[in-house]
Amino acid sequence: MATFRLQGSKVLAVDLSGDAVKAKNGAMVAYDGQMAFKKLSGGGEGIRGMVTRRLTGEQMVLMEVKGQGTCFFADRASEINLVNLQGDKLYVEASNLLATDAGLRTGTTFTGMRGATSGNGLFTTTIEGTGQAALMSDGPAVVLRVSPQYPLTVDPGAYIAHQGNVRQSFQSGVTFRTFMGEGGGEAFQVRFEGDGLVYVQPSERNTIGGDV
């Protein structure tokens, strides 16, 4: 299995010994050793993945890197966050995914209005299995715990990913900026309930659901 490690906070180093890694297309910045590259597509593998991509408009484009040596990845000086999966599923915005172990399964899932308000479509990328994934964030990401006693409400523009036994729903009409007198138009928040983790970034992407 490939080994993920950080070189500083903005470069991902992946050590390969004949195995493979999937990464955002064009994110490779350097490598040593012998590497082979193959372009892939997001949305999942096989015929089902192809159909899903056409129906959802999922624009995640990946490449597979296989070989012996170390490959280095980065994207627009984004902060990189490593996530370990132990047979569970990670839900992540496609624009925030940098790389995964090649053995992890990728797909898409319907997110309802949260996807529309975040500007990334109605579908979120899923990653499932055992291995590592590298997520990108605009600024150092914060990992927040969701518990049955303490549900979590998140600005959709700051949302990156979540994992665990978590349910999500959306709330409209009230935003964080509304309380500061800066809101304009209809906007949304995302509410997470259950038991799991939510990853947020200290910066808000542009949304199409109004000011958030």
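This section describes the fold, strand pairing, nonpolar cores and selected buried residues of a predicted model.

Local features were considered only at pLDDT of at least 70 and side-chain atom pairs only at pLDDT 80 or more, whereas totals for chains, interfaces and linings use all residues. Residues are numbered from 1 along each chain as its sequence is written, and side-chain values use heavy atoms, with hydrogens and water left out.

The protein chain contains 2 helices and 12 strands, where helices (H or I, at least four residues) and strands (E, at least two) are DSSP runs numbered from the N terminus. Read from the N terminus, the order of elements is β-β-β-α-β-β-β-β-α-β-β-β-β-β. Of its 212 residues, 47% count as buried; buried denotes under 20% relative accessible area, exposed over 50%, and partly exposed the range in between (1.4 Å probe, protein chains only). The exposed surface of the protein chain amounts to about 10200 Å², of which carbon and sulfur atoms supply 50%. Accessible areas were computed by the Shrake-Rupley method with a 1.4 Å probe, and for residues only the protein chains shown count as cover. Among contacts (heavy atoms within 4.5 Å) with a separation of 6 or more, 77% join residues 24 or more positions apart.

Strand pairing was assigned where DSSP finds at least two bridges between two strands. At the N-terminal end, strand β1 (residues 3-7) pairs with β2 in the antiparallel sense over 5 bridges, and Leu 6 has Leu 12 of β2 as its bridge partner. The hairpin of β1 and β2 has 3 residues between the strands, and Gly 8 takes a positive phi near 75 degrees there.

Strand β12 is paired with β9, β10 and β11. Strand β9 (residues 142-146) runs antiparallel to β12 and is joined to it by 5 bridges, with Val 146 opposite Gly 196 as bridge partner. Strand β10 (residues 152-154) pairs with β12 over 3 bridges, also in the antiparallel sense, and here Thr 153 is bridged to Arg 191. Between β11 and β12 the antiparallel pairing extends over 13 bridges, including that of Arg 167 with Glu 193.

The pairing of β11 with β12 is accompanied by an aromatic pair between these strands. The structure holds 2 aromatic pairs, defined by ring centres of Phe, Tyr and Trp (its six-membered ring) within 6.5 Å; planes under 30 degrees apart count as stacked, over 60 as edge-to-face and the rest as tilted. One of them, formed by Tyr 159 and Phe 192, is stacked, with 5.7 Å centre to centre and 15 degrees between the planes. Tyr 159 belongs to strand β11 (residues 159-172) and Phe 192 to strand β12 (residues 188-200), so the pair ties together parts that are 33 residues apart in sequence. Both Tyr 159 and Phe 192 are buried.

Nonpolar cores were defined as sets of buried Ala, Val, Leu, Ile, Met, Phe, Trp, Tyr and Cys residues joined through side-chain atoms within 4.5 Å. The largest has 18 residues, of which Leu 12, Phe 73 and Leu 98 touch the most other members. At least two residues of this core come from each of β2 (11-24), β4 (62-73), β6 (97-101) and β8 (123-137), and β2 gives the largest share, 5 residues. Another core, apart from this one, has 12 residues, including Leu 85, Ala 133, Ile 160 and Ala 161.

Two neighbouring residues of strand β6, Thr 100 and Asp 101, are buried. Thr 100 has a relative accessible area of 2% and, beyond four places in sequence, is in contact with Phe 4, Val 21, Lys 22, Ile 127, Gln 132 and Ala 133. Asp 101 counts as buried because its relative accessibility is 3%. Outside the same sequence window, Asp 101 touches Met 1, Ala 2, Phe 4, Ala 20, Lys 22, Gly 131 and Gln 132. Asp 101 and Thr 130, 29 residues apart in sequence, are separated by 8.6 Å from C-alpha to C-alpha.

Gln 201 lies in the segment after β12 and is buried, at a relative accessible area of 8%. A polar atom of the Gln 201 side chain lies 2.9 Å from the backbone nitrogen of Asp 138. Excluding neighbours within four places in sequence, Gln 201 is in contact with Asn 96, Ser 137, Asp 138, Gly 157, Ala 158 and Ile 160.

Definitions and conventions. A polar contact is a pair of N or O atoms within 3.5 Å; within protein, one must be able to donate a hydrogen and the other to accept it, and residues adjacent in sequence count only if both atoms are side-chain atoms.
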